[in-house]
Amino acid sequence: MIPAAFEYTKPSTVDEAVRALAEGGEDARVLAGGQSLIPMLRLRMAAPTLLVDLGGLGELRGVRDDGDALVIGAMTRYADLLRDPLVRDHAPLLAQATATVADRQVRHLGTIGGSLAEADPAGDLPSVAVALDVSFEVVGPGGWRTISAADFFVDFLTTALGDGEMLGALRVPKQDGWGTHYEKFSRVAQAWSIVGVAVAVRRENGTIAEARVGLTSMGNRPLRARAVEEALAGAPATAEAVSSAAARAAEGADPPTDVWASAEYRSHLATVLTRRAVVAAGGIHAS
Amino acid sequence: MTRISITVDGVRYDDDVEARTLLVHHLRDRLGKVGTVVGCDTSNCGACTVLMAGDAVKSCNVLAVQADGTEIITIEGLAGGDGSLHPVQQAFHDRHALQCGFCTPGMILAAVDLLAENPDPSDAEIREGIEGNLCRCTGYQNIVRAVRDAASALRGAQVAEPASAVDGQMPGTPQAPPAVPSEPESVPVEAVPRPVP
Ligand SMILES: Cc1cc2nc3c(=O)[nH]c(=O)nc-3n(C[C@H](O)[C@H](O)[C@H](O)COP(=O)(O)OP(=O)(O)OC[C@H]3O[C@@H](n4cnc5c(N)ncnc54)[C@H](O)[C@@H]3O)c2cc1C
Ligand code: FES
Ligand code: FES
């Protein structure tokens, strides 16, 4: 279908964009890569009166080294992330999850900011963001502020962005010294995950000192598998310990039942994928 | 109306468009570039793939205004001025990599895009590289063979390797199908569009 008519503006600075959003009022919408928004416009599930195209904001595109973190502009495309040596070296979990998103065409246009602002619990990057405690730098009429990953994702397709606010950049803590892995199960090529698990593990001697586990498609927003994290903290780095911790992956989750899978199946899958992801991230050998 | 200027297959076009116009409709309905086809309404099939600023994109999932200032290459712009086919087109012809042909324009441009980044892909990398393109006819076997042939043809053209040194033959030469490794074939089933709230 053809989208309903809307006004369009393409600001060239962040200030102009914030002003345009404010003037557009509540029916103004940000356009990033369009890879989620344009399908919604075509289905007329979204009918904004104004689109503010961030495509001209070079200042929001690119990856910068900032000490113990990478600062990634919201308009950095998936394809840019995959080519970026800083992301490869310091945020391999982000790179690995990004490589599983959609297909080459979608990755050429879709952005990290768009994928997070969309807040789809089936999206691959939101669960990585909660697992790594990424900080969200947002800008609006009141200036810049920071929102934690734990607070950013509020509900299905709903974020903590206020009226007239947009996502400007992500602060991704470097994972130097951590082992990481993204394990995604999907039925066919270019399909969304049925369940995905994002894991970061820090080992000390023979034990798992710390683990972070993010879950895709296991609730109305991306989740942390806290029970697994607690069970792993201080546990021996053995296959048995990982298996018994991973068995708790679905605790507290509320997975959907949909055309692809039942909630029960997803809960089972989460335990299997969590075990695999922790084993891979922690370099754990079968004993 | 928004004024946009795009270069399509080497020709510059300046037009006033409605912001809601999809790039594929602009190409087909305004510029007459009907080689680019529409195969679905869900951004899944990839039939509408074109190169925008060098990158493959689904032109049904791009607004024409987003293409302002870029260079677009469609299937109509791949062949040489003398009508000689692009190596990927030639390989699709030689390998019988199409039946109804509806997916072919997008499939070829997706392959051109993949080979620009990875000149020597494995079969698995080819299958993954074209995962955004669905074919309902061929079962993909000959498409993968064609992309493999095109890759060696393009590499050959670049470093002028003798044909015998590369995997496969130069396009245009009659050839028997190569022994296919008996790997299990994963045939993408058309993805169900993600339900939206
Ligand atoms: C065929 C297909 C397959 C896909 N498969 C997957 C998959 O396997 N995994 C996956 O994770 N995703 C998948 N996606 C979705 C894809 O990842 C989208 O590109 C991404 O979710 C949105 O990023 P975008 O830059 O295109 O944002 P847009 O579509 O432009 O915007 C998405 C939403 O975020 C808002 N927004 C965008 N940027 C900002 C900002 N800076 N500040 C505030 N709000 C903003 C917009 O207003 C809109 O509401 C798929 C999409 C398609 C078409
Ligand atoms: S027509 Fe564009 S993806 Fe199907
Ligand atoms: S040849 Fe018919 S869809 Fe591919």
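This section describes the surroundings of ligand 1 and the domain arrangement of chain B in a predicted model.

Ligand 1 is surrounded by 33 residues. A:Val30, A:Gly34, A:Gln35, A:Tyr78 and A:Thr111 come nearest. The surrounding residues belong to chains A and B, so the site is shared between chains. By class, the shell comprises 16 nonpolar, 12 polar and 5 charged residues.

Oxygen atoms of ligand 1 lie close to both backbone and side-chain atoms. A backbone N or O atom of A:Ser36 lies 2.8 Å from one ligand oxygen atom. For A:Ala102, a backbone N or O atom is 3.2 Å from an oxygen atom of the ligand. A:Lys184 contributes through its side chain, with a polar atom 3.3 Å from a ligand oxygen atom. On its own, ligand 1 has 970 Å² of accessible area, and the protein covers 95% of it.

Three secondary-structure elements of chain A, β2 (28–31), α7 (112–118) and β10 (166–173), each give two or more residues to the shell. The largest share comes from α7(A), with 4 residues.

Chain B is divided into two domains. Domain 1 spans residues 2–77, and domain 2 spans residues 87–155. Taken over C-alpha atoms, the centres of these domains of chain B are 21 Å apart. At the boundary between them, 18 residues of domain 1 of chain B are in contact with 12 residues of domain 2 of chain B. The area buried between the two domains of chain B is about 1,100 Å². Carbon and sulfur atoms give 66% of that buried area.

Technical notes: Residues are numbered from 1 along each chain as its sequence is written. Chains are lettered from A and ligands numbered from 1 in the order in which they are written. This is a predicted model: local features need pLDDT of at least 70, side-chain atom pairs count only at pLDDT 80 or more; totals for chains, interfaces and linings use all residues. Side-chain values use heavy atoms; hydrogens and water are left out. A residue is near a molecule or strand if one of its heavy atoms lies within 4 Å of it. A polar contact is a pair of N or O atoms within 3.5 Å; within protein, one must be able to donate a hydrogen and the other to accept it, and residues adjacent in sequence count only if both atoms are side-chain atoms. Accessible areas come from the Shrake-Rupley method with a 1.4 Å probe; for residues, only the protein chains shown count as cover. Ala, Val, Leu, Ile, Met, Phe, Trp, Tyr, Cys and Pro count as nonpolar, Asp, Glu, Lys and Arg as charged, and the others, Gly among them, as polar. Domain bounds come from an automatic or database domain assignment. Contact means heavy atoms within 4.5 Å. Buried area is the accessible area (1.4 Å probe) that two parts lose on being put together, summed over both.
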